[in-house]
Amino acid sequence: MDATERIQAASNFLLQSPPGEINDVLNDIRTIIADDELLQDGIKAALKEYNIEQFTVVDVPEANHQSIISEAARVEAEGLDEERFLDPRSKISFLFDHLSLEASDPKPIEPDARHEEFRSALELASLNYLKAHFKDGVTAIFSPKEGAEHFVVQVVANKYNPTNFWSGRWRSEYTIDLNKKQVAGKVLVNVHYYEQGNVQLATKHTVSFDLPVAVASAPTSAASTKIFALLEEEEGKLQVSFNETYHEMGEKTFKGLRRALPLTRQKLDWDKVMGYKLGAELSGTKSPQPASVS
Amino acid sequence: MAEVIDSMLDLMRRLPPTRTEENVQALVNICPDEADELLQSVDQPLQVMVDRATGREYLACDYNRDGESYRSPWSNEYDPPLDDGAVPSSKMRKIEIQANEAFDTYREMYYEGGVSSAYLWDPEDPSGGSNFAGVVVIKKTMTPATPLEPSGSWDSIHVFETVERGRQAHYKLTSTIMLQLLTRKSSDNDKPNSTSEKKGPDGLKRDGEVSLSGSMTRQSEQDWPLQDSSSHISNIGRMIEEMEIKMRNLLQEVYFGKTRDVVYDLRSIDDLEKARRQKELQKELVGFIRR
């Protein structure tokens, strides 16, 4: 395998990292590839892609809250050769190290005056929503970017418990388009349980609905509260539906794959199982299909 | 290099179980020298093959592989054919035939479908007497008729070693079960139950997918009495049956219990803020009464 292919393979592994385990995955890759110099530059793109995709949480410099690294947070500015990310809450842009996950060089940024009022109203509603339903949630609300008309709402919650071999991540992202009067979004949940095994839950849920007319016509704080009431209801329903899906999987799929006990409700009598075969063999009535007990 | 293989195994314990085959292949390409050890240590989903001689299905895995060919437990033939493929001694083959028939019955009783195979191999050291080893593999797949029906697969791999001690035998069993469950949902398929449920916002559309996948491994060692060579099969059969019952409970607990608990740790359905306020109110009341 040449260097390019090895980098590609390493990047592919990194992007599959379960919540909170990218450093463990990276450590394994270092031993396997055994070429730190090659990796150092080679995996930069993958680390960045991972952080953006997974809504990596960052401590915002000079603020005592966290924000989210994502495509929406990427600052697009002309003549900028460095990549900066935005924390819309403190209105600060910063440089981000995709390996150490540290932010640096904070600079104030002027918010878009046309959108800031509604954006901060959404932010307030989102923070209240977090308080009500997430123990360790982080949110970020972005105004429409140049040439776009939709606000972006993001929520991420992580729980890492390596001592007990599990980790989990909840990601939600919604776009709120006041022109099209529509909300569209997705919720992604990942759980990894790895005590003497490797079990993963991966869910993907997409949703879209029309904004109520009153909300769309008057983007106010009342409107943002209403939007979050709808999102709260939708995510609550989704969480309840997991229970139903689990129940269905347990009752139909799991039981259908393997019974807890045979139809006889007893374990097999192995002496009989063996004896039957032996008897059939001795009497010369060996059938090509073994006895199927139904 | 022991360290590289350790890192490979750690990596495989972290990456998504749904992509095991692809990731193992990538590791083999990166470190061809470690390929044999990796393939022996990482369990991969079993492949269903059809015996050309008998038409019966059997399972392909690393244990019945010789080069690119797989040996059928029914006809003892390799596919693609091999002139000098490794086969068990005639004594061992006799026990293997019995084992395949016994576990086929076991499979039918518990799985009501699927495919099973048993492969035995002679002791590496000829002076090892009748101490042999083997594997019992079982696979069942549920294929949905439509994309919105749940699907799933179960792969059991039971590797065992036997050591005869007079009229007793000592067995060491290592069992891995790989289980995948997938359910898709779409609002296009929602039955209109107009009155009972509160109507959501206009134009509501939902699509969802829930995938639970993974593998768990457990070991067990036991001594059982020996009457004749077929006692081995019933002894191993009892151990495998007990192990599968134990592991099925464990899988149920982890798949449907633990992963759900983590989701509820991430997000609470109940309003945490309300609960907090309730608590504070209670504290205040307690303080008030004490005064």
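Visitor: What makes strands 3, 4 and 5 of chain B an open sheet?

Guide: In this predicted model, the three strands of chain B lie in the order 3-4-5 with antiparallel pairing. Strand 3 (65-66) and strand 5 (78-79) are the edge strands, and each of them pairs on one side only.

Visitor: How do you know that strand 3 and strand 4 of chain B count as a pair?

Guide: The rule asks for at least two bridges between two strands. Strand 3 of chain B is joined to strand 4 (residues 69-71) by 2 bridges, so the condition is met. Within this pair, R65(B) stands opposite Y70(B).

Visitor: Why is the bond between D79(B) and P80(B) worth a remark?

Guide: Most peptide bonds are trans. The bond joining D79(B) and P80(B) is cis, with omega at about -10°. P80(B) sits in the loop between strand 5 and helix 4 (90-111) of chain B.

Visitor: Which strands form an open sheet in chain A, and what leaves a side of its edge strands without a neighbour?

Guide: Chain A has an open sheet of 3 strands in the order 3-4-5, with antiparallel pairing. Strand 3 (84-87) and strand 5 (103-108) each have a single partner strand, so one side of each has no neighbour in the sheet. From one strand to the next, the twist averages 30°.

Visitor: How many bridges join strand 4 and strand 5 of chain A?

Guide: Strand 4 (residues 92-96) and strand 5 of chain A run antiparallel and are joined by 4 bridges. The rule needs at least two, so they pair. L95(A) stands opposite S104(A) in strand 5.

Visitor: What is noted about the phi of D105(A)?

Guide: Most residues other than glycine have a negative phi. D105(A) is not a glycine, yet its phi is positive, at about 50°. D105(A) lies in strand 5 of chain A.

Visitor: What do strand 8 and strand 9 of chain A form together?

Guide: Strand 8 (residues 166-177) and strand 9 (residues 182-193) of chain A pair in the antiparallel sense over 12 bridges. They form a hairpin with 4 residues between them. In the turn, K181(A) has a positive phi of about 55°. Farther into the pairing, S172(A) stands opposite V187(A).

Visitor: How many residues lie between strand 9 and strand 10 of chain A?

Guide: These two strands form a hairpin with 3 residues between them, and Q196(A) in the turn has a positive phi of about 50°. Their antiparallel pairing runs over 12 bridges, with N190(A) opposite A202(A).

Visitor: Which strand of chain B pairs with strand 10 of chain A?

Guide: Strand 10 (residues 197-210) of chain A pairs with strand 10 (residues 205-225) of chain B, in the antiparallel sense and over 12 bridges. In this pairing between chains, N198(A) has S215(B) as its bridge partner.

Visitor: Why is the link between E235(A) and R267(B) called a salt bridge?

Guide: The limit is 4 Å between a side-chain nitrogen of Lys or Arg and a carboxyl oxygen of Asp or Glu. For E235(A) and R267(B), the closest N and O atoms are 3.7 Å apart, so the pair qualifies. The rule finds 8 salt bridges across the interface of chain B and chain A. Over all chains, it finds 37.

Visitor: What makes R119(A) and E123(A) a salt bridge, and how are they placed in their helix?

Guide: Their closest N and O atoms are 2.7 Å apart, which is within 4 Å, so the rule counts them. R119(A) and E123(A) are separated by about one helical turn because they are 4 residues apart in helix 5 (residues 113-133) of chain A.

Visitor: How do you know how big the interface of the two chains is?

Guide: The size of an interface is often given as the accessible area lost when the parts come together. Between chain B and chain A, about 8900 Å² is buried, and carbon and sulfur atoms give 61% of this area. R14(B), L266(B) and R267(B) lose the most area in chain B, together 11% of what that side buries.

Visitor: How many residues are in contact, and how many pairs are in polar contact?

Guide: In chain B, 96 residues are in contact with 93 residues of chain A. The count of residue pairs in polar contact between the chains is 40. Helix 5 (residues 231-266) of chain B gives the most to its side, with 21 residues. By class, that side has 40 nonpolar, 23 polar and 33 charged residues.

Notes: Residues numbered from 1 in each chain as written. Chains lettered and ligands numbered in written order. Predicted model: local features only at pLDDT ≥ 70, side-chain atom pairs only at ≥ 80, totals over all residues. Heavy atoms only, no water. Contact = heavy atoms within 4.5 Å. Buried area = accessible area lost by both parts, 1.4 Å probe. Polar contact = N/O pair within 3.5 Å; in protein donor to acceptor, adjacent residues only side chain to side chain. Nonpolar A, V, L, I, M, F, W, Y, C, P; charged D, E, K, R; others polar. Axes fitted to C-alpha atoms, helices over the stretch in contact; angles between N-to-C directions.
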